[in-house]
Amino acid sequence: MSAGLIRAVGLMSGTSLDGVDAAYIETDGERVSRLGPALTFPYDAALHTDLRRVLDLAPSLDPADPFLADVTARLTQRHIEAVQALGQPADLIGMHGQTILHRPDRHRTWQIGDAALLARATGIRVAHDFRSADVAAGGEGAPLAPAYHAALAHDLRKPLAVLNIGGVANVTWIGPDGRLLAFDTGPGNGPLDDWVERHTGAAFDRDGALATAGKVDATVLARLLADPYFARTAPKSLDRLDFARTLAASGVAALAPADGAATLVAFTAASIAQAALPAQPLRWLVTGGGRRNPTIMAALRTRLTAPVDPVETVGWDGDALEAQCFGFLAVRTAAGLPISFPGTTGAPRPMTGGAIVTPKP
């Protein structure tokens, strides 16, 4: 391995609560030298249910609550197993943890996961707590992927938009001069997943079948798009449950299952299409679980003027991208390089972030 390169494993557990992604990367924190194997370790049904309960309880949850401690230990064990299953020799692990509360307006963000336990179990240094310093300084603490998107897109034509559709959707706009603007555009898969689970028992709308069978309710959609979040200027960020009140007041609950699904897909696509960017991108590259939903992708292609493609069309791995990102950010943390910027989180200046735990016996 060349001098300056660090072998890292990135770990990401997203707002969809479906599992932990692990990916191997070699980088100096500025350019990506090599991408290695990646995998996903799904959460069992009990852990998924308990994580969802933690999300619901988080605003009033005591950090010392025994239930939270139990869930954190089980979550961390899945992270340990993911690293072990990946089987790659590494110098550093980047552990994002599971976000259970994100309230940057109150200077608070909370990710769970025991970095010290992960370091002890693997014998590898662990970088974690990537968002707190940014939020404490008045930033949004999210999104953190833009620096990695820019590194991957070094040789692509710009302006370029990289759209991640997870539980929440966020965009990275990369200008021809390397300028970055990033923010959460609005809902991703979260409201749709919750709707489908409530009405069918399935975890998500496989192949977009339910939404395809429905019809968008224009009145409900207009109410959803009237949420005050969309009037805010970027950078801005969301918690997965931030639209709960708007959804409850919109009338979507009165719709038939298929019509509700169709309307929620339209909500995601319309909020992305109305996102204010400095210039129209030449192309939209889509990552996250939403790229696998043909109904969401079709809705985006209808509403956006530039081509919309999954990131795989340029050789990226959309399933591994976020995990790779936190391996990349772990290396930047170790090198003292900034991971958030005024144009990506609203931080007052380019900011370092994260903390590193060294294994102890």
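Helix axes are taken here as lines fitted to C-alpha atoms over the stretch in contact, with angles running from 0 to 180 degrees between N-to-C directions. With that in hand, the predicted model can be toured from its helix packing to its cores and its less usual backbone geometry.

Two packed helices are described by the angle between their axes and the distance between the axes. For helix 2 (residues 66–86) and helix 3 (residues 115–122), the axes come within 10 Å and cross at roughly 35°. The crossing of helix 2 with helix 3 is right-handed. On the helix 2 side, the contact is formed by Thr 76, His 79, Ile 80, Val 83 and Gln 84; these meet Leu 117, Leu 118, Ala 121 and Thr 122 of helix 3. Sorted by class, this contact holds 5 nonpolar and 4 polar residues, and no charged ones.

Turning to the interior, the largest nonpolar core comprises 43 residues. Within this core, the residues with the most contacts are Leu 163, Ile 165, Leu 264, Trp 284 and Leu 300. Helix 10 (residues 257–273) is the greatest contributor to the core, supplying 8 residues. Leu 264 reaches well beyond its sequence neighbours: with residues up to four places away set aside, it touches Pro 191, Leu 192, Trp 195, Leu 224, Leu 247 and Val 252. A second core, separate from the one just described, has 35 residues. Among its members are Tyr 24, Phe 41, Phe 67 and Leu 118; Leu 118 is also one of the helix 3 residues that meet helix 2.

Strand 10 (residues 284–287) contains Leu 285. Leu 285 counts as buried because its relative accessibility is 0%, below the 20% cut-off. Its C-alpha atom is separated by 7.9 Å from that of Leu 160, although the two residues are 125 residues apart along the chain. Beyond the neighbours within four places in sequence, the contacts of Leu 285 include Leu 156, Leu 160, Ala 161, Val 162 and Leu 163. Others on the list are Asp 309, Pro 310, Val 311, Thr 313, Val 314 and Trp 316.

A polar residue offers a companion case. Thr 99, in strand 4 (residues 92–103), has 16% relative accessibility and therefore counts as buried, again under the 20% limit. The side chain of Thr 99 makes a polar contact of 3.2 Å with the side chain of Gln 111. Apart from neighbours within four places in sequence, Thr 99 is in contact with Leu 55, Trp 110, Gln 111 and Arg 131.

The backbone deserves a look as well. Most residues other than glycine have a negative phi, and most peptide bonds are trans. Against this background, the peptide bond from Ala 142 to Pro 143 is cis, with omega near -10°, and Pro 143 sits in the loop between helix 4 (132–136) and helix 5 (146–152). Lys 158 and Pro 159 are likewise joined by a cis peptide bond, with omega about 10°; Pro 159 belongs to the loop between helix 5 and strand 7 (160–165).

Positive phi values are found at His 107, near 55°, and at Asp 129, about 55°; neither residue is a glycine. His 107 is placed in the loop between strand 4 and strand 5 (108–112), whereas Asp 129 lies in the loop between strand 6 (125–128) and helix 4. With 33% relative accessibility, Asp 129 counts as partly exposed.

Key
Residues numbered from 1 in each chain as written. Predicted model: local features only at pLDDT ≥ 70, side-chain atom pairs only at ≥ 80, totals over all residues. Heavy atoms only, no water. Helix = DSSP H or I, 4+ residues; strand = E, 2+ residues; numbered from the N terminus. Left-handed = near helix turned anticlockwise from the far one by under 90°. Contact = heavy atoms within 4.5 Å. Nonpolar A, V, L, I, M, F, W, Y, C, P; charged D, E, K, R; others polar. Buried < 20%, exposed > 50% of the residue type's maximum accessible area, 1.4 Å probe, protein only. Polar contact = N/O pair within 3.5 Å; in protein donor to acceptor, adjacent residues only side chain to side chain. Core = buried A, V, L, I, M, F, W, Y, C linked by side-chain atoms within 4.5 Å.
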